[in-house]
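Okay, thanks for coming, everyone. I'd like to talk through some charged pairs and one helix packing, so let me put the model up.

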Amino acid sequence: MTYIAPTYRVSFAIGDEHTAKGIVDALTEIFFEGEAAVAAFEGPDGRWDVTVHFAEPPDQPLIRELVANAAGADIAEGIAFDTVEAKDWVKASLEDLVPVPAGRFVVHGQHDRERVAPNKLGIEIEAALAFGTGHHGTTRGCLLLLDHVLKAWRPRRVLDLGTGTGVLAIAAARALHDKVLASDIDPPSVQVARENARLNVAGHLVQAIRATGFSAPQFADAAPFDLVLANILANPLRQLAAPMARHLAPSALVILSGLLTHQAPGVIAAYRARGLVPVRHLRIEGWSSLLLRKVN
């Protein structure tokens with residue numbers, strides 16, 4: 001039996017959606033991927049419950065300071081710290097999730113394999129220590145934009161930057177029946193992406209590598225890219241605008257997500273300065289997904 005360690009939970013309530021999502025964004029940017037899992041849900045009373053799970057005991061004064069800076073001292077004083085019993089909460093929560101449709105794609109778990117319609121492209125993603133199960137608004141937004149792009153165009157060189165579970169790379173590879181380069185800064189994510197690619201009969205098409213930004217030699221070998229998918233976070237996306245533009249083919253398309261709707265204008269401005277203009281903007285559950293085209 002696999003040992004599953006307990007997790008350490010931080011929880012508090014906030015009165016409005018905007019502040020709750022702002023705190024989620026701030027905490028997500030502060031902690032490295034894998035250190036914390038942050039979520040916010042609206043309660044029946046209209047208040048928003050924010051919960052953060054840590055693998056290691058968190059720095060309580062730091063958490064209170066971060067929340068106080070973002071939402072005020074009163075909210076910070078109401079933070080509750082506790083330990084959650086040893087259980088695979090990700091796997092348990094995925095068992096309750098229904099298949100998620102996104103255009104031609106349907107993201108599902110093993111238990112819903114038989115529920116995928118014959119005319120849909122099913123992508124099976126199981127619980128793992130990586131983000132991107134398809135049930136988050138950012139992943140679904142990327143898949144919807146990918147489906148839109150592929151209806152009218154067939155890109156030859158595709159990159160999934162910050163692949164997580166590999167869901168976007170798998171979707172592109174299976175839809176195109178062609179090779180896709182996938183990268184992530186996090187070694188466990190790279191391994192998960194490889195395993196999920198094999199699970200979805202795309203192991204021979206998805207090349208998953210560990211890389212920071214565009215530093216790995218595989219990028220130069222595979223570029224220029226016709227299509228880049230990057231579901232990361234707003235700040236890294238802004239920082240990647242210049243190196244990404246250098247790796248794009250003329251008239252290339254870029255799908256960006258992982259940003260709250262109020263962050264979209266800043267990201268669009270960063271890419272517009274590098275010769276990319278917005279084509280479509282999807283808003284799902286407070287998150288934005290952007291489709292941009294390189295024009296010069």
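So, aspartate 147 is buried, with a relative accessible area of 6%; buried here means under 20%, exposed means over 50%, and partly exposed is in between, with a 1.4 Å probe and protein chains only. Its partner, arginine 104, is partly exposed at 25%. The two side chains meet in a salt bridge, 2.5 Å from N to O; the cut-off for that is a side-chain nitrogen of Lys or Arg within 4 Å of a carboxyl oxygen of Asp or Glu. Arginine 104 sits in the loop between strand S5 (100-102) and strand S6 (105-108), while aspartate 147 is in helix H5 (residues 137-150), 43 residues apart. Helices and strands are DSSP runs, by the way: H or I of at least four residues for helices, E of at least two for strands, numbered from the N terminus.

Quick word on the source: this is a predicted model, where local features need pLDDT of at least 70 and side-chain atom pairs count only at pLDDT 80 or more, though totals for chains, interfaces and linings use all residues. Residues are numbered from 1 along each chain as its sequence is written, and side-chain values use heavy atoms, with hydrogens and water left out.

Next pair: glutamate 124 and arginine 113, with the closest N and O atoms 2.7 Å apart in their salt bridge. Glutamate 124 is in strand S7 (residues 121-124) and arginine 113 is in the loop between S6 and S7, eleven residues apart. The glutamate, glutamate 124, is buried at 6%, whereas arginine 113 is partly exposed at 40%. Back to the earlier pair for a second: shared salt-bridge partners join Arg104, Asp147 and Lys151 into one network.

How many salt bridges are there in the whole structure? The search finds six. One of them joins aspartate 82 to arginine 9, again at 2.5 Å, N to O. That one ties strand S4 (residues 80-84) to strand S1 (residues 7-14), with aspartate 82 and arginine 9 73 residues apart.

Now the helix packing. The axes of H5 and helix H6 (residues 167-176) come within 10 Å and cross at roughly 20 degrees, which means H5 is roughly parallel to H6, a label for angles under 35 degrees. On the H5 side the contact (heavy atoms within 4.5 Å) includes Leu143, Leu146 and Leu150, and on the H6 side Ala171, Ala172 and Ala175 are among them.

Conventions. Axes are lines fitted to C-alpha atoms, for helices over the stretch in contact, and angles run from 0 to 180 degrees between N-to-C directions. Angles under 35 degrees count as roughly parallel, over 145 as roughly antiparallel, 65 to 115 as roughly perpendicular and the rest as oblique.
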